[in-house]
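Trainee: Please walk me through this one. Keep it simple.

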Amino acid sequence: MYDGQGRELDAAALTVAQASRLKLDKGVVAAGDSLRVGFQADHLPDVWIGIVPADVDPDDAEDNLDEALAVQPLDGLTKGVLTFTAPSEQGSFEMRMFSAKDGRLLDAAPFEATAPVQQVETVEPEPVVEPTPEPAPEPAPKPAPEHVVAQAEPEPAVEPEPRADTLSLDKKLARPGESLVVEFTAASTLGDTAWIGIVAPDQPRKGGQADREASPSSQSVAGLDQGSVTLTTPEDLGLYEVRFFASDHGPQLASESFEATIRTTSILLERNRYAPGQAITAHYTLAESLPTAWMGILPSSLMSTDERKNRDRAQQVQFLAGRTGGTLSFTAPDKPGLYELRIFTGRADGDMLFKKMFLVR
């Protein structure tokens, strides 16, 4: 870029404000079908996207959250694709994006939910029942000789339980370039083109070898029915899935999610939305061993980062006891709303190290 006198300007010093916007993959969707929304969001902390009836006042953020039929927090993401399920009832709706911090509507995209496609059932004619002939009377059994010993019936063989298609990861948070060990089992011996690989969650299944080529790291598991493979975490940060395919053209057998992150302190949840009282599994990493560090559930509306205020308002608290990583279990609050899992040092400085937003509904 140059000024009016032909002198080159420093491009690095120029910044352009990023607009928040939504884009739906369809404007009319059958009730209950999937609906994908691409989003670009401002660099704001607590942003969420949800499906809201079109007649709900867009200026009332709390009313929108109460009336929302489905909500997904972005948790700091500024760009991506989310998948929702269209409302079960017909009508006019909007996909709306809000900032939970100040209640501001960032963008909205309207759509119509129509009647679901009716499946026509074919009624098979009833078979003609032939009359059953009367059976001939059976002859009376002959008495067994006294010296004959009755033989016991052999016990039926116990069939082994069928094995399922499964995946498990050795970690849920991994740094770019770090090894990720994946253990797997298959219901039956896999074919010549079976594979396991890392795929971005919004990556559509293309079919054939194109799927394999889109994976930043993959391994063949041809001819196996169980074992482990080692993949390499992508350099680009974000959420990913490890997917297990029966073949280049076959079905996806299983998948597990993980996050590529350079944050030395982080929390990863298995979902963004929970029902009241539902179990919450939180995977975490910590930059250093802190004997007094703790993690707790706080309402997202509490803006303060003061440790004492957070500790007083925390609904559930667990101490990390010097561990630098692991898994903790919590229970979703009974009252619906937006909440956060927060990690504090527990030291005199009382720093908040990390927070992760989720929805209870």
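Mentor: One term to begin. Two strands pair if DSSP finds at least two bridges between them. Strands (E, at least two residues) and helices (H or I, at least four) are DSSP runs, numbered from the N terminus.

Mentor: This is a predicted model, so to speak of local features we need pLDDT of at least 70, and of side-chain atom pairs 80 or more, while totals for chains, interfaces and linings use all residues. Residues are numbered from 1 along each chain as its sequence is written, and side-chain values use heavy atoms, with hydrogens and water left out.

Trainee: How many helices and strands are in the chain?

Mentor: The chain has three helices and 24 strands.

Trainee: Show me a pair. What sense do β4 and β5 pair in?

Mentor: Antiparallel. Strand β4 (residues 47–53) and β5 are joined by four bridges. Within that pair, Ile49 sits opposite Gln72 of β5.

Trainee: Are the faces of β5 covered or open?

Mentor: Both faces of strand β5 (residues 70–73) are covered. Ala70 and Gln72 are buried on one side, Val71 and Pro73 on the other. Buried means under 20% relative accessible area, exposed is over 50%, and partly exposed lies in between (1.4 Å probe, protein chains only).

Trainee: And for the whole chain, what share is buried?

Mentor: Of the 361 residues, 37% are buried.

Trainee: What about sheets? Which strands make up the open one with five?

Mentor: Its order is β10-β16-β15-β12-β13, and the pairing is mixed. The edge strands are β10 (173–174) and β13 (217–220), each of which pairs on one side only.

Trainee: How many bridges join β15 to β16?

Mentor: Eight. Strand β15 (residues 238–245) and strand β16 (residues 252–260) run antiparallel. One match to find on screen: Tyr240 has Phe258 in β16 as its bridge partner.

Trainee: New topic. How many salt bridges are there?

Mentor: A search of the whole structure gives seven. The rule is a side-chain nitrogen of Lys or Arg within 4 Å of a carboxyl oxygen of Asp or Glu.

Trainee: Give me one. How far apart are N and O in the Glu94 and Arg96 bridge?

Mentor: They are 2.8 Å apart. Glu94 and Arg96 are both buried.

Trainee: What links Lys171 to Glu178?

Mentor: A salt bridge, with the closest N and O atoms 3.9 Å apart. Glu178 counts as partly exposed because its relative accessibility is 30%. There is a network here too: salt bridges link Asp170, Lys171 and Glu178.

Trainee: Where do Lys355 and Glu340 sit?

Mentor: Their side chains form a salt bridge, N to O 3.7 Å. This pair links distant parts of the chain, 15 residues apart: Lys355 is in strand β24 (residues 352–360) and Glu340 in strand β23 (residues 337–344). Lys355 has a relative accessible area of 30%, so Lys355 is partly exposed. Glu340 is at 0%, so Glu340 is buried.

Trainee: Now rings. How many aromatic pairs are there?

Mentor: The count is eight. Rings of Phe, Tyr and Trp (its six-membered ring) pair if their centres lie within 6.5 Å; planes under 30 degrees apart are stacked, over 60 edge-to-face, the rest tilted.

Trainee: Why are Phe93 and Phe111 called stacked?

Mentor: Because their planes are at 25°, with ring centres 5.9 Å apart. Phe93 lies in strand β7 (residues 91–99) and Phe111 in strand β8 (residues 104–114), so the pair ties together parts 18 residues apart in sequence. Phe93 is buried at 4% relative accessibility, and Phe111 is buried at 2%.

Trainee: And how are Trp294 and Phe344 arranged?

Mentor: Their centres are 4.9 Å apart and their planes at 15°, so that pair is stacked. Trp294 is in strand β20 and Phe344 in strand β23, so this pair joins parts 50 residues apart in sequence. Trp294 and Phe344 are both buried.

Trainee: Which residues form a cluster with Tyr339?

Mentor: Tyr274 and Phe358 join Tyr339 in one aromatic cluster.

Trainee: Last one. What is the mean pLDDT?

Mentor: The chain's mean is 81, and 78% of residues reach 70 or more. That score is the predictor's confidence in each residue, from 0 to 100. By element, strand β20 (residues 294–299) has the highest mean, 95, and helix α2 (residues 209–214) the lowest, 78.
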